[in-house]
Amino acid sequence: PGPLELLTPDQEDPPMPTVTVDPLRCEGAKDCLDVCEPHVFAMRRPDPGLPALVRLKVFVHGGKQAAVAHPERCTACQKCVTACPEGAIRVLA
């Protein structure tokens, strides 16, 4: 057998990790972008429907929040979870 392993019909691909950012907690500190080597996250303008206090906190950090741009790249390393000062990121593997 070569370097590629074939799946038999009774085997399944491992489940893809699910990564989420809570927009009510994310203040846009960008720490997740700094530690995520697969580049799962991107910075985006916050939803205008968020509470005023949340939008103010985001404004202080540059007016953008982290968002999951490429969930398929997540390796479930949890570095983003540890790095986020607001505790806004969850990774379920």
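This report walks through a predicted model of one protein chain, from its overall layout down to a few single residues.

**The overall layout**

Let's begin with the whole chain. It holds 3 helices and 4 strands, and if you follow them from the N terminus, the order reads β-α-β-α-β-α-β. Of the 93 residues in the protein chain, 27% are buried. The accessible surface of the chain adds up to about 6500 Å², and carbon and sulfur atoms supply 58% of that area. Contacts can also be sorted by how far apart the partners sit in sequence: among contacts with a separation of 6 or more, 67% join residues 24 or more positions apart.

**Two paired strands**

Now find strand 2, residues 41-44. Which of its side chains are buried? F41 and M43 are, and they point to one face of the strand. A42 and R44 point to the other face and are not buried. Strand 2 pairs with strand 3, residues 65-68, in the antiparallel sense, over 4 bridges. Within this pair, F41 stands opposite V68 of strand 3.

**Three residues to compare**

Here are three residues with their places and relative accessible areas.

| Residue | Place | Relative accessible area |
|---|---|---|
| Q65 | strand 3 | 7%, buried |
| E72 | loop between strand 3 and helix 3 | 48%, partly exposed |
| F59 | helix 2 | 62%, exposed |

Why does Q65 count as buried? Its relative accessible area is 7%, and the label follows because buried means under 20%. What does the side chain of Q65 reach? It comes to 2.7 Å from the backbone oxygen of P23. Leaving aside neighbours within four places in sequence, Q65 is in contact with a list of residues that includes P23, C26 and G28, as well as A42, M43 and R44 from strand 2. Also among the contacts of Q65 are P46, L50, V54 and V58.

F59 gives another picture. This residue lies in helix 2, which spans residues 52-60. F59 counts as exposed because its relative accessibility is 62%, and the cut-off for that label is over 50%. Together with L53, L56 and V60, F59 makes a nonpolar surface patch of about 470 Å².

E72 sits in the loop that leads from strand 3 to helix 3, residues 79-83. At 48%, E72 is partly exposed, because this value falls between the 20% and 50% limits. How many residues separate E72 from V19 in sequence? They are 53 residues apart, while in space their C-alpha atoms are 9.5 Å apart.

Methods: Residues are numbered from 1 along each chain as its sequence is written. This is a predicted model: local features need pLDDT of at least 70, side-chain atom pairs count only at pLDDT 80 or more; totals for chains, interfaces and linings use all residues. Side-chain values use heavy atoms; hydrogens and water are left out. Buried means under 20% relative accessible area, exposed over 50%, partly exposed in between (1.4 Å probe, protein chains only). Helices (H or I, at least four residues) and strands (E, at least two) are DSSP runs, numbered from the N terminus. Two strands pair if DSSP finds at least two bridges between them. A polar contact is a pair of N or O atoms within 3.5 Å; within protein, one must be able to donate a hydrogen and the other to accept it, and residues adjacent in sequence count only if both atoms are side-chain atoms. Contact means heavy atoms within 4.5 Å. Patches are made of residues with over 30% relative accessible area and no salt bridge: like charges are joined within 9 Å, nonpolar side chains (Val, Leu, Ile, Met, Phe, Trp, Tyr) within 5 Å. Accessible areas come from the Shrake-Rupley method with a 1.4 Å probe; for residues, only the protein chains shown count as cover. A salt bridge is a side-chain nitrogen of Lys or Arg within 4 Å of a carboxyl oxygen of Asp or Glu.
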